[in-house]
Amino acid sequence: MDILFKILIDPFLQMGAMPDLFVQTIWDGFVTGVLYALIALGFVLIFKASGVFNFAQGIMVVFAGLTLVGLYEMGLPAPLAVLVTLGVMFVLALAIERVVLRPLVNQPDIILFMATFGITYFLIGLGELIFGGNPKQMITDQLFLPRGAIEVKMLGGFVQFQKIDIAAAVIAVVMIVALAVFFQKTRIGRALRAVADSHKAALSVGISLNQIWVIVWFTAGIVALVTGIMWGARSDVSFGLQVIALKALPVLILGGFTSVPGAIVGGLIIGIGEKLGEFYWGPLVGGGIESWLAYCIALGFLLFRPQGLFGDKIIERI
Amino acid sequence: MFYRETGQFKTNYAGDMAVFPILQDRIGIALILVVAFVLIPLLGSDFLLSSVMIPFLVFSLASIGLNILTGYTGLISLGTGAFMGVGAYACYKLTTLFPEVNIVVWIVTAGFFSAFVGVLFGLPSLRIKGFYLAVATLAAQFFLQWCFTRIPWLYNYNTSGAIEVGQRTLFGMNVTGPKASLEARYMVLLTLVTVLTWVASNLMHGRIGRSFMAVRDMDIAAELMGIDLLKTKLLAFAVSSFYAGVAGAAMMFLWYGGGEANDAFNINQSFLILFMVIIGGLGSMIGSFFGAAFISMLPTMLKFGLPALGIPLAGATAEHLTYILVGSLIIFFLIVEPHGLARLWQIGKQKLRMWPFPY
């Protein structure tokens, strides 16, 4: 009975006893979730348009962040460094399309998945070779990102909001809206959606797949850069981020591989669930459950909806 | 000219269905076994045994395991590292609880524990497919890895939190622990790998293997033909995890000689073994060996090969270049032959049969 009490009742009593702490935990989870969602967004963009399960998204985040900081350290002014980094991401997209995707077109998914592993290894090596393996400080001030925290008095206590977290949430929302507009309203966006629906039909109406892939990988590169800046500003830019990027995977399966809103909702569920679980239930089993809780939440959801919350319905025919 | 089956007639079905139908293949496999069992332990240097052959054998065992699951049954798993860990810890617990029983028995028994855990985490495979399943197996990877470090009972409350391999003997010779000779460890491992490969090959050529492949090719159609999906998929998980578990136990006890779970059984290990399976060739026994050889020897070759070619490399730069090279080679091989080294091997054999004529 004691154990049941500790698992089922005690955590909720704690939440009720200190609502300010509860709100703080939710906020932390929310911000983490937004950042997971950003990484997941990069995955979804590429998966939709090319059917490639892009494992390299995590390392692209690190690589973009490192390039930005590295260029700044070489003496470029911050805005110029951002532009050059965007250029680098474009070249990367071009190279990936030309060297990896084009020769592998029409291969089974798992082969393309493995190829993105190759890209991951390549980028790890390249990034460390050029910028060194040490963690770097993100250039927050130069990019006009706010610092410090706001304390709000509520529910009989204080809740602390880091300004950078608020900025991250705002930027994420702006970016998601921008992407939605890009997808819905522009010519290229329509082409992208056509490719996502059916490669062959898109080809037959004159859409160049190669061009679309470059655009999509470049878009994912931009998303990676923004994610890299935000993650980097919260901690620092290092190759350790790559492991955090794995957290985007449960977000993906939760939301469905093909759904942009799914990535966002999934990110928030995972982020908040993970923080709440770690804070209130983690101590019962010795802590550190953050490393696997996300996967188990996602697994639980999957058992009821195998295609994720918002994924396309899986129809099977003989 | 030498590799040709002219004049080798098959007079019964068994001969027709043989794994090695051509005489030259049988001679070849016998030669390989002689070299592996006799020549390498007698003539091989310590370096060859410790940094080439032992890692190669351990990884071949693990990649056979994953190949059964991914290549033959079509279920992608990213939890191989964790299943290897289960084997290692099960073997460790068993051999500390019952030290009088032979260690080889425990290494193999550890596989059954791993198979059980594999079945548990294989349960979602009924509803989840493809990459969704791959991510679901990541849950196994991270959860088990967490168990290895957070449950002190598993590592016998050691202060180091790692597996400590004790001295165990077989036929009066030390096979594990610091006093065991490389040759003894190598021979035990080689025997294990040979026997288990033979078992796996027979399994895959029989009814079980065919039902696995039917599930891989289209599971609904397989179900309509009367294959019980639940049983087949779980059996695939069980067999695969069994091999992974034995590989993990062998890795800890015959290769590393003790170590920490987070280093040996982490997510990178799982990815590495998936690489081996894909580079080697999905759904091919010999491919598992090719892949294991390629991936496990590549870093060693680059480390010692490049300086020998006159390209001197400093420590850190060498490591980064290794990453770049490994990445590029993976992409290169996937582009050249997406069906893996096993397919290249087959093409080569076909060419050899015709040689010196073009067709």
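## Exercises on a predicted two-chain model

Leaving aside neighbours within four places in sequence, Ile264(A) is in contact with Ala37(A) and Ile176(A), two residues being in contact if their C-beta atoms, placed from the backbone, lie within 7 Å. This is a predicted model, in which local features need pLDDT of at least 70 and side-chain atom pairs count only at pLDDT 80 or more, while totals for chains, interfaces and linings use all residues. Residues are numbered from 1 along each chain as its sequence is written, and chains are lettered from A and ligands numbered from 1 in the order in which they are written.

**Exercise 1. Place Ile264(A) in chain A and state whether Ile264(A) is buried or exposed.**

Begin with the element: Ile264(A) is found in helix 12 (residues 260-281) of chain A, where helices (H or I, at least four residues) and strands (E, at least two) are DSSP runs numbered from the N terminus. Next, count neighbours: 24 other C-beta atoms lie within 10 Å of Ile264(A), so this residue is buried, the class being buried at 20 or more such atoms, exposed at 12 or fewer and partly exposed in between, with C-beta atoms placed from the backbone. Then turn to sequence separation: Leu35(A) is 229 residues away along the chain, yet its C-alpha atom is 9.3 Å from that of Ile264(A). For the chain as a whole, 74% of the contacts with a separation of 6 or more in chain A join residues 24 or more positions apart.

**Exercise 2. Check the length of helix 3 of chain A and describe its surroundings.**

Helix 3 (residues 57-73) of chain A has 17 residues, which at 1.5 Å a residue should span 24 Å, and its end C-alpha atoms are 24 Å apart, so the two values agree; the expected span is 1.5 Å times one less than the number of residues. As to surroundings, 15 of the 17 residues of helix 3 of chain A are buried, so this helix is largely enclosed by the rest of the structure. After helix 3 of chain A comes Gly75(A), with a positive phi near 110°.

**Exercise 3. Identify what the buried residues of helix 11 of chain A pack against.**

In helix 11 (residues 248-255) of chain A, 8 of the 8 residues are buried. These buried residues pack against helix 2, helix 10 (241-245), helix 12 and helix 13 (290-304) of chain A, together with helix 6 of chain B. Just after helix 11 of chain A, Gly256(A) takes a positive phi of about 100°.

**Exercise 4. Describe the side of chain B that touches chain A.**

Start from the totals: 32 residues of chain B are in contact with 37 residues of chain A. The elements giving two or more residues to this side of chain B are helix 6 (130-150), helix 9 (219-224), helix 12 (267-280) and helix 14 (315-336) of chain B, and helix 14 of chain B provides the largest share, 12 residues. By class, this side of chain B has 26 nonpolar, 4 polar and 2 charged residues, where Ala, Val, Leu, Ile, Met, Phe, Trp, Tyr, Cys and Pro count as nonpolar, Asp, Glu, Lys and Arg as charged, and the others, Gly among them, as polar.
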